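Hi everyone, thanks for coming. I'd like to walk you through one model today, with the sequence and the fold up on the screen.

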Amino acid sequence: MQKSNQETIGRQPVRRVVIAGGGTAGWMAAAVISKILGKTLDITLVESDEIGSVGVGEATIPSLIRFHQLLELNEADFMRATQATFKLGISFENWRAPGEDYIHSFGLTGIDHWTAGFQHFWLKGRERGLAGDFGDYCLELRSAQLGRFAHLPNDVMNYAYHLDATLYARFLRKFSEGFGVTRIEGKIGEVMLDAASGHVTGLKLDHGAVVEGDLFVDCTGFRSLLLGQTMGVEYEDWSQWLFNDTAIAVQTELMGEPVPMTRAIAHGAGWQWRIPLQHRVGNGHVFSSKHMDGEEAMQILLGNLQGEPLTQPRVIKFKPGQRKQSWKGNVVAIGLSGGFLEPIESTSIHLIQRNLIRLMQLFPSNGIRRSDIDEFNTQARSEIVHIRDFLILHYKVTRRADTPYWDAARNMEVPASLQHRIDLFRETGRVFRTEGELFTESSWLQVMLGQGLTPEQHHQSADLMGDAELSQFLNSIRQKIERTVQQLPPHQAYIQRFCRAPRPT
């Protein structure tokens with residue numbers, strides 16, 4: 001492949017968009033670009049049936065709902081097509097210490113005062129023996145615990161989905177082709193560059209055809225064929241904080257009814273996921289190969305399955321981190337080609353959609369400009385760094401001391417941005433959300449308290465309430481949530497009524 005260190009920003013209008021690679025990232029890209037700009041663009045997607053997608057990220061977060069609204073997708077149709085179930089959060093088991101569990105839900109907890117968050121009033125209540133568990137004051141968390149779900153008026157229930165990633169790509173392919181996207185089958189044999197500008201001019205396929213374009217979207221997965229290999233954008237390795245570098249994935253039969261939450265079960269050198277769909281369960285073991293060999297990791301996974309395996313276990317190697325640029329020249333990386341964070345908080349599909357929305361906002365219709373590229377890269381980096389810190393939190397704040405893996409995680413030096421948040425909460429009980437970051441104060445609170453981080457004090461606003469007033473305040477919140485939860489139908493019953501999917505043949 002030709003390479004050039006020279007880069008000239010193009011001023012010619014972008015009329016031809018080429019998406020390199022399919023899978024979740026490729027077909028999400030095709031869907032949003034064709035839906036929004038399909039009338040003005042020639043959009044081509046190149047993929048090979050011989051190259052499988054990673055396809056293990058089957059759990060999502062609530063932002064996907066907004067993405068589907070932008071595409072005007074029917075929710076029930078989407079869920080039937082992808083065997084989807086509802087998700088209210090993640091059950092973290094054995095993370096704080098073996099045998100101790102907590103739930104990070106999508107909901108808000110309690111009611112804040114303008115001077116202080118709800119946690120300060122809860123801390124005061126715990127001190128006085130007036131408060132229950134922190135999760136008792138969150139609708140989504142209690143619904144997840146009891147296995148209940150329903151759409152509620154005014155969208156007061158925050159939720160996401162568990163879905164089949166392969167079926168999701170197929171669903172979006174049909175959608176995209178309806179808006180004029182052309183799919184070309186074939187492996188990319190050569191990425192063609194313009195020597196003067198350093199821009200990609202076309203993709204030469206193994207059967208000889210050349211697909212030319214003005215803007216190229218790299219969805220080639222971990223290979224990062226365009227942005228990494230061809231454009232030479234370096235990879236920033238974050239394994240000093242996120243030790244896991246291997247995943248083993250397998251599908252099993254569904255035993256019982258699907259619960260409305262992902263299960264993340266910590267083991268000696270990593271953790272296991274269980275993601276229930278309507279007719280099967282996605283399972284996997286994410287672990288550090290420096291702390292556990294592959295054979296032991298495989299035995300742990302197979303020994304902790306519920307239901308008979310439907311597929312052969314698949315081993316996936318990865319390196320946590322990101323490319324130092326997500327957009328260079330006329331190449332934009334979407335998905336794994338731009339970076340990867342382990343699926344502990346189900347952020348992979350979110351990062352795909354966020355970069356696609358960002359691309360639509362900065363789309364170079366009248367020519368590629370440095371200012372657009374710089375803004376895209378700045379926003380993309382800021383977002384993934386915030387998520388990175390939140391993931392590191394799960395490992396740093398733990399009381400586990402039973403293996404070298406957890407000892408190393410507990411004792412590691414973390415980014416200063418994260419250490420400040422930990423210190424602030426430990427010393428004062430305060431949590432502040434940075435503008436534009438994904439996770440809310442409630443998310444940080446649920447994880448920090450769930451992991452066993454206890455503040456040394458609470459805000460004095462909570463001291464202004466007497467015991468009777470504080471007790472009434474806390475009880476009113478909890479009772480309202482319990483009344484609502486008790487009126488919700490079981491999760492499985494709601495799925496059967498709203499989006500029952502046919503059994504796979």
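Let me start with a pair of helices: where α10 and α12 cross, the crossing is right-handed. One thing to say up front is that this is a predicted model, so please hear everything that follows in that light.

Staying with that pair, α10 covers residues 370-396 and α12 covers residues 416-428. Their axes are 9 Å apart, and the angle between them is about 55 degrees. That makes α10 oblique to α12.

Now a second helix pair, α1 and α9. How far apart are the axes of α1 and α9, and at what angle do the two helices pack? The axes lie 10 Å apart and the angle is about 30 degrees. An angle under 35 degrees counts as roughly parallel, and α1 and α9 are therefore roughly parallel to each other. The crossing of α1 and α9 is right-handed. For orientation on your screens, α1 is residues 23-37, while α9 is 348-361.

On to the sheets. One of them is an open sheet of seven strands with mixed pairing, and its order reads β5-β4-β14-β15-β16-β13-β17. Why do β5 and β17 each have one side without a neighbour in the sheet? Both stand at the edges, each with a single partner strand, so one side is left free of a neighbour. From one strand to the next, the twist averages 20 degrees.

Let's zoom in at the β5 end. Strand β4, residues 89-97, pairs with β5 in the antiparallel sense, and six bridges connect them. If you want a landmark, look for Ser-91, which stands opposite Ile-103 in β5. The two strands make a hairpin with two residues between them, and in that hairpin Gly-99 takes a positive phi near 90 degrees.

Further along in that sheet, β13 (residues 246-253) and β16 (residues 280-287) run antiparallel and are joined by eight bridges. Here the pair to click on is Thr-252, which sits opposite Val-281 in β16.

There is also an open sheet of three strands, with antiparallel pairing and the order β8-β9-β10. Its edges are β8 (188-193) and β10 (210-212); each has a single partner strand, so one side of each is left without a neighbour in the sheet. Ignoring direction, neighbouring strands here are turned by 20 degrees against each other on average. Between β8 and β9, which is residues 200-205, there are five bridges, and the two run antiparallel. Val-191 stands opposite Leu-203 in β9.

I've kept the second largest pocket for last, since I suspect some of you will want to look at it. Its space comes to about 780 Å³. The lining has 31 residues, and those nearest the centre are Ile-61, Pro-62, Ser-63, Asn-158 and Tyr-159.

Which element gives the largest share of that lining? It is α2, with five residues. The elements that supply at least two residues each are α2 (63-71), β5 (100-105), α9 (348-361) and α13 (441-450). So two of our earlier characters come back here: β5, which we met as an edge strand of the seven-stranded sheet, and α9, which packs with α1.

As for the chemistry of the lining, it divides into 12 nonpolar, 13 polar and six charged residues.

That's my tour, and I'm happy to take questions.

Definitions and conventions:
Residues are numbered from 1 along each chain as its sequence is written. This is a predicted model: local features need pLDDT of at least 70, side-chain atom pairs count only at pLDDT 80 or more; totals for chains, interfaces and linings use all residues. Side-chain values use heavy atoms; hydrogens and water are left out. On a 1 Å grid over the protein atoms alone, a cavity is a set of points where a 1.4 Å probe fits but cannot get out, and a pocket is an open set with protein on both sides within 12 Å along at least five of seven lines; lining residues have an atom within 4 Å of a point. Grid points are joined across faces, edges and corners, and a volume is the space filled by probe spheres set on the points. Helices (H or I, at least four residues) and strands (E, at least two) are DSSP runs, numbered from the N terminus. Ala, Val, Leu, Ile, Met, Phe, Trp, Tyr, Cys and Pro count as nonpolar, Asp, Glu, Lys and Arg as charged, and the others, Gly among them, as polar. Two strands pair if DSSP finds at least two bridges between them. Axes are lines fitted to C-alpha atoms, for helices over the stretch in contact, and angles run from 0 to 180 degrees between N-to-C directions. Angles under 35 degrees count as roughly parallel, over 145 as roughly antiparallel, 65 to 115 as roughly perpendicular and the rest as oblique. A crossing is left-handed if the near helix is turned anticlockwise from the far one by less than a right angle, and right-handed if clockwise.
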